[in-house]
Amino acid sequence: MSAAILKSHEKDLGGGFVVRRLLPSAVKQAVGPFIFFDHFGPIDVAPDANHDVRPHPHIGLATVTYLFEGAIDHRDSIGSYQRIAPGAINWMTAGRGIVHSERTPPDLVGQPHRTHGLQLWAALPKAHEEDEPSFTHTPQAEIPVVSLDGAVVKVLIGTAFGQTSPVRTYMETLYLDVALQAGSSLRLDGLPAEAAIYPISGDVLVDGVALAPHTMALLEMGTAPVVTAGSGPAQFVVIGGEPLDGHRFLFWNFVSSSKERLSQAADDWSAQRMGQVPGETEFIPLPKAPLRPSA
């Protein structure tokens with residue numbers, strides 16, 4: 001079925017907002033360009049809960065936000081504002097540096113609601129690590145949808161089943177959202193060199209082997225796995241792409257092929273030289289731990 005199974009570990013991002021993190025992993029740092037994979041929810045958000053993510057910086061990566069339920073207001077230091085809604089792909093290229101916040105929209109503040117989604121980071125190729133920052137929103141209506149026998153595939157990023165997403169990337173990248181009817185199967189042909197499957201809901205079997213909730217199956221290169229739903233409907237995502245051009249170092253919200261660049265970013269953030277989200281004044285200091293970029 002797979003080269004390895006990655007287990008998630010829980011991270012509290014503050015305010016009781018807990019995510020399940022799959023990447024980076026000690027087993028494998030990245031799958032294609034995807035070097036970070038968080039699954040949050042489904043969460044029933046209480047009226048008095050505060051899950052806002054205050055302004056924080058990034059370099060050397062692109063954030064990829066995708067919601068199944070709920071809504072997020074995105075703001076960044078280059079002046080972007082976007083309400084992120086279910087089914088849309090929001091790609092923010094940090095490049096040489098960007099600051100952004102993710103907050104509960106005003107119409108949901110103080111109201112009970114649900115939130116559920118995925119937050120991924122795509123490491124940028126070395127040649128683009130210092131690109132100008134940018135933000136691109138691709139609404140749900142522009143995402144290709146392929147209906148097959150017992151399956152519906154949303155081609156969020158990349159090319160699959162004869163359809164290509166309009167989301168622009170820096171290297172071969174694949175991101176699919178697949179819904180299966182009970183007992184239905186789907187063969188995943190033509191996968192990129194690196195690929196993985198992560199179940200969102202229901203019972204998911206890969207080549208007849210059950211894939212436990214909150215685990216990720218890394219696929220063997222050149223395989224065409226058959227994914228099957230159990231006795232009820234199931235949903236899963238596929239991520240992957242061409243391998244990164246070398247190792248990446250990570251510290252806090254920074255990703256780079258150079259440890260020295262991480263140190264520079266840390267200094268820039270502490271000195272508040274990385275820009276500011278318009279209308280926001282909150283500042284999150286660097287983590288108290290000394291700068292020891294992860295290997």
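Here is a short conversation about a predicted model.

Visitor: What is the order of the strands in the open sheet of seven strands?

Guide: The pairing in this sheet is antiparallel. Strand 1 (4–7) and strand 13 (145–148) are its edge strands, each pairing on one side only. The twist from one strand to the next averages 20°. Read across, the order is 1-22-19-24-17-14-13.

Visitor: Which residue in strand 22 stands opposite Ala4?

Guide: Strands of a sheet pair through backbone hydrogen bonds, either parallel or antiparallel. Here strand 1 and strand 22 (residues 215–218) pair in the antiparallel sense, over four bridges. Opposite Ala4 in strand 22 stands Leu218.

Visitor: Which strand gives the largest share of the largest nonpolar core?

Guide: This core has 28 residues, and those touching the most other members are Phe37, Ile89, Tyr175, Met216 and Ile239. Leaving out residues up to four places away in sequence, Met216 has contacts that include Ala4, Ile5, Phe37 and Ile239. The largest share of the core is four residues, and they come from strand 6 (residues 61–69).

Visitor: How many residues are in the second, separate core?

Guide: In soluble globular proteins, nonpolar side chains tend to be buried together. Among the members of this second core are Val155, Leu176, Ala217 and Ala229. Its number of residues is 24.

Visitor: Is Thr138 buried or exposed?

Guide: Look for Thr138 in strand 12 (residues 134–138). Beyond residues up to four places away in sequence, Thr138 touches Ala88, Ile89, Ile143, Pro166 and Val167. Its relative accessible area is 6%, and buried means under 20%, so Thr138 is buried.

Conventions:
Residues numbered from 1 in each chain as written. Predicted model: local features only at pLDDT ≥ 70, side-chain atom pairs only at ≥ 80, totals over all residues. Heavy atoms only, no water. Pairing = 2+ DSSP bridges. Helix = DSSP H or I, 4+ residues; strand = E, 2+ residues; numbered from the N terminus. Axes fitted to C-alpha atoms, helices over the stretch in contact; angles between N-to-C directions. Core = buried A, V, L, I, M, F, W, Y, C linked by side-chain atoms within 4.5 Å. Buried < 20%, exposed > 50% of the residue type's maximum accessible area, 1.4 Å probe, protein only. Contact = heavy atoms within 4.5 Å.
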